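Work through the exercises below with the coordinates open. Each task is followed by a stepwise solution.

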Amino acid sequence: AQIPGIAIDRAAGKDALAQVVEQGRERLKEGLWVAVFPEGTRVAPGSTRRYKPGGAFLAKRAGVPVVPVAHNAGEFWGRYAFRKTAGTVQVVIGPTIQTAGRDALSVTREVEEWIEGEMVKLNPERYASG
């Protein structure tokens with residue numbers, strides 16, 4: 001069975017966050033994991049975008065921890081590229097980050113620091129200068 005994604009109206013501003021929380025909590029209640037990409041969209045390897053706190057906000061509201069994940073899939077499938085390049089995607093699963101008693105921004109900062117630190121390890125040539 002296909003599990004539906006969380007549909008949001010990006011033009012809805014703060015209402016989009018409410019959509020993520022509402023639908024995300026439902027998925028979590030069903031025993032599903034919810035994957036959130038805090039940069040919002042793919043970025044070119046070696047680049048970063050502002051990490052948005054939506055995932056941390058959902059986790060806090062749902063009373064669950066965050067598990068950060070870093071990967072180098074962008075090396076093989078570029079942001080605007082239709083074609084994919086052959087290669088092995090490396091995935092690193094981080095330590096559980098508790099959300100209880102914390103605000104979403106501090107959780108997001110911890111997630112960002114961990115992911116960006118792992119990206120340097122996954123591809124030091126692209127991230128060393130960052």
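**Exercise 1. Classify glutamate 26 by its accessibility, then find its salt-bridge partner.**

Solution.
- Step 1. The model is a predicted one. In it, glutamate 26 has a relative accessibility of 39%.
- Step 2. Partly exposed covers the range between under 20% (buried) and over 50% (exposed). Glutamate 26 is therefore partly exposed.
- Step 3. The partner is lysine 29. The N to O distance of this salt bridge is 3.8 Å.
- Step 4. Apply the cut-off: a salt bridge needs the side-chain nitrogen within 4 Å of the carboxyl oxygen. The pair, at 3.8 Å, is counted as a salt bridge.
- Step 5. Place the two in sequence. Lysine 29 and glutamate 26 are 3 residues apart in helix α1, so about one helical turn separates them.
- Step 6. Classify the partner. Lysine 29 has a relative accessible area of 64% and is exposed.

**Exercise 2. Which residue forms a salt bridge with glutamate 118, and how are the two placed in the helix?**

Solution.
- Step 1. Lysine 121 is the partner, with an N to O distance of 3.1 Å.
- Step 2. Both residues belong to helix α3, which spans residues 104-122. Their spacing is 3 residues, about one turn of the helix.
- Step 3. Is glutamate 118 buried or exposed? Its relative accessible area is 12%, so glutamate 118 is buried.
- Step 4. Lysine 121 comes out at 60% relative accessibility and is exposed.
- Step 5. The general idea behind such pairs: side chains of opposite charge can pair when their charged atoms come close.

**Exercise 3. Describe the surroundings of glutamate 110.**

Solution.
- Step 1. Locate the residue: glutamate 110 sits in helix α3.
- Step 2. Find the salt bridge. Arginine 102 is the partner, and the closest N and O atoms are 2.7 Å apart.
- Step 3. Check the accessibility of each. Glutamate 110 has a relative accessible area of 35% and is partly exposed. Arginine 102, at 24%, is also partly exposed.
- Step 4. Compare sequence with space. Glutamate 110 and isoleucine 97 are 13 residues apart in sequence, and their C-alpha atoms are 8.0 Å apart.
- Step 5. Take another pair. Arginine 109 and leucine 122 are likewise 13 residues apart along the chain, but 20 Å separates their C-alpha atoms. Arginine 109 lies in helix α3.
- Step 6. Close the salt-bridge tally. How many are there in the model? The count is 4.

**Exercise 4. Which members of the largest nonpolar core touch the most other members, and which elements supply the core?**

Solution.
- Step 1. The core has 14 residues. Those with the most contacts to other members are Val66, Ala70, Ile97, Val107, Val111, Ile115 and Met119.
- Step 2. Two elements, α2 and α3, give two or more residues to this core.
- Step 3. The largest share comes from α3, with 7 residues.

**Exercise 5. List the residues of the positive surface patch and place two of them along the chain.**

Solution.
- Step 1. The patch gathers Arg10, Arg42, Arg49, Arg50, Lys52, Arg79 and Lys84.
- Step 2. Arginine 50 lies in the loop between α1 (14-29) and α2 (54-62). Arginine 10 lies in the segment before α1.
- Step 3. Membership requires over 30% relative accessible area. Arginine 50 has 60% and is exposed. Arginine 10 has 66% and is exposed.
- Step 4. Relate the patch to a core residue. Between arginine 10 and isoleucine 97 the C-alpha distance is 27 Å, with their positions 87 residues apart in sequence.

**Exercise 6. Which residues make the nonpolar surface patch, and what is its area?**

Solution.
- Step 1. Val69, Val89, Val91 and Ile93 make the patch. The area is about 350 Å².
- Step 2. Valine 69 lies in strand β1, residues 69-71.
- Step 3. With a relative accessible area of 39%, valine 69 is partly exposed.

**Exercise 7. Locate proline 124 and give its C-alpha distance to leucine 17.**

Solution.
- Step 1. Proline 124 lies in helix α4, residues 124-127.
- Step 2. At 34% relative accessibility, proline 124 is partly exposed.
- Step 3. The C-alpha distance to leucine 17 is 34 Å, for a separation of 107 residues along the chain.

How values were computed
Residues are numbered from 1 along each chain as its sequence is written. This is a predicted model: local features need pLDDT of at least 70, side-chain atom pairs count only at pLDDT 80 or more; totals for chains, interfaces and linings use all residues. Side-chain values use heavy atoms; hydrogens and water are left out. Patches are made of residues with over 30% relative accessible area and no salt bridge: like charges are joined within 9 Å, nonpolar side chains (Val, Leu, Ile, Met, Phe, Trp, Tyr) within 5 Å. Accessible areas come from the Shrake-Rupley method with a 1.4 Å probe; for residues, only the protein chains shown count as cover. Lys and Arg count as positive and Asp and Glu as negative; His and the chain ends are not counted. The place of a charge is taken as NZ of Lys, CZ of Arg, CG of Asp or CD of Glu. Helices (H or I, at least four residues) and strands (E, at least two) are DSSP runs, numbered from the N terminus. Buried means under 20% relative accessible area, exposed over 50%, partly exposed in between (1.4 Å probe, protein chains only). A nonpolar core is a set of buried Ala, Val, Leu, Ile, Met, Phe, Trp, Tyr and Cys residues joined through side-chain atoms within 4.5 Å.
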